[in-house]
Amino acid sequence: MAKEFSRTRRIAQQLQQELAMVLQRDMKDPRIGFITVNDVDVSRDLSYAKVFVTFFEEDTELVQQKIDALTVAAPYVRTLVAGRMKLRVMPELRFIYDSSLVEGMRMSNLVTQVINKDKAKQQQFTPEVSDNSESVDGEKEQD
């Protein structure tokens, strides 16, 4: 019977927290900039960890430069995180760009634009309500 919360998932969660702290506080590389660690997927034997990151950049060339900078800095980051975590084997870090958050924001903006356009069309085609409204039996109401 599989455990609800496996050891690899617990390690991945702790690794995600430690990586976020190290990348925000200890990394001084200006090429990386602001980074968000979305998820960490650790292999069963704890030898590799896929680190899913987001930069909030839409330029694919700039994103690739930042991923390359992280890949070069991965051994240093691994050393810093290993000092914070008590593991016999520290997983090798592989950084992967996760575009789901940026795509989600883009989709949300598109939905908002469509809603605003629909509201504008609805207001454009809605007839003006006059001040002199008539009652049900055709007589003008007095205020």
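Visitor: Is Gln14 buried, partly exposed or exposed?
Guide: In this predicted model, features need pLDDT of at least 70 locally and side-chain atom pairs need 80 or more, whereas totals for chains, interfaces and linings use all residues. Numbering starts from 1 along each chain as its sequence is written, and side-chain values use heavy atoms, without hydrogens or water. Gln14 has a relative accessibility of 34% (buried is under 20%, exposed over 50%, partly exposed in between; 1.4 Å probe, protein chains only). Gln14 therefore counts as partly exposed.

Visitor: In which element does Gln14 lie, and how far in space is Gln14 from Val40?
Guide: Gln14 has its place in helix 1 (helices are DSSP runs of H or I, at least four residues; strands of E, at least two; numbered from the N terminus). Gln14 and Val40 are separated by 26 residues in sequence. From C-alpha to C-alpha, the distance between Gln14 and Val40 is 9.3 Å.

Visitor: Is Glu18 buried or exposed?
Guide: Glu18 belongs to helix 1, which spans residues 7–26. The relative accessibility of Glu18 is 17%. Because of that value, Glu18 counts as buried.

Visitor: Which residues does Glu18 contact, apart from its neighbours within four places in sequence?
Guide: A contact requires heavy atoms within 4.5 Å. With its neighbours within four places in sequence set aside, Glu18 is in contact with Val81, Arg84 and Met85.

Visitor: Which residues of helix 2 make the contact with helix 1?
Guide: Helix 2 covers residues 60–84, and its axis is 10 Å from that of helix 1. On the side of helix 1, the contact is made by Leu15, Glu18, Leu19, Met21, Val22, Leu23 and Asp26. Glu18 is thus placed in this contact. The residues contributed by helix 2 are Leu70, Val77, Leu80, Val81 and Arg84.

Visitor: In what order do the elements of the protein run?
Guide: The secondary structure of the protein comprises three helices and three strands. Read from the N terminus on, these elements follow the order α-β-β-α-β-α.

Visitor: What percentage of the residues in the protein is buried?
Guide: The protein has 143 residues. Glu18, at 17% relative accessibility, counts as one of the buried residues. The buried part of the protein amounts to 26%.

Visitor: What share of the contacts with a separation of 6 or more joins residues 24 or more positions apart?
Guide: Here the contacts in the protein with a separation of 6 or more form the total. Of these contacts, the share from residues 24 or more positions apart is 60%.

Conventions: Axes are lines fitted to C-alpha atoms, for helices over the stretch in contact, and angles run from 0 to 180 degrees between N-to-C directions.
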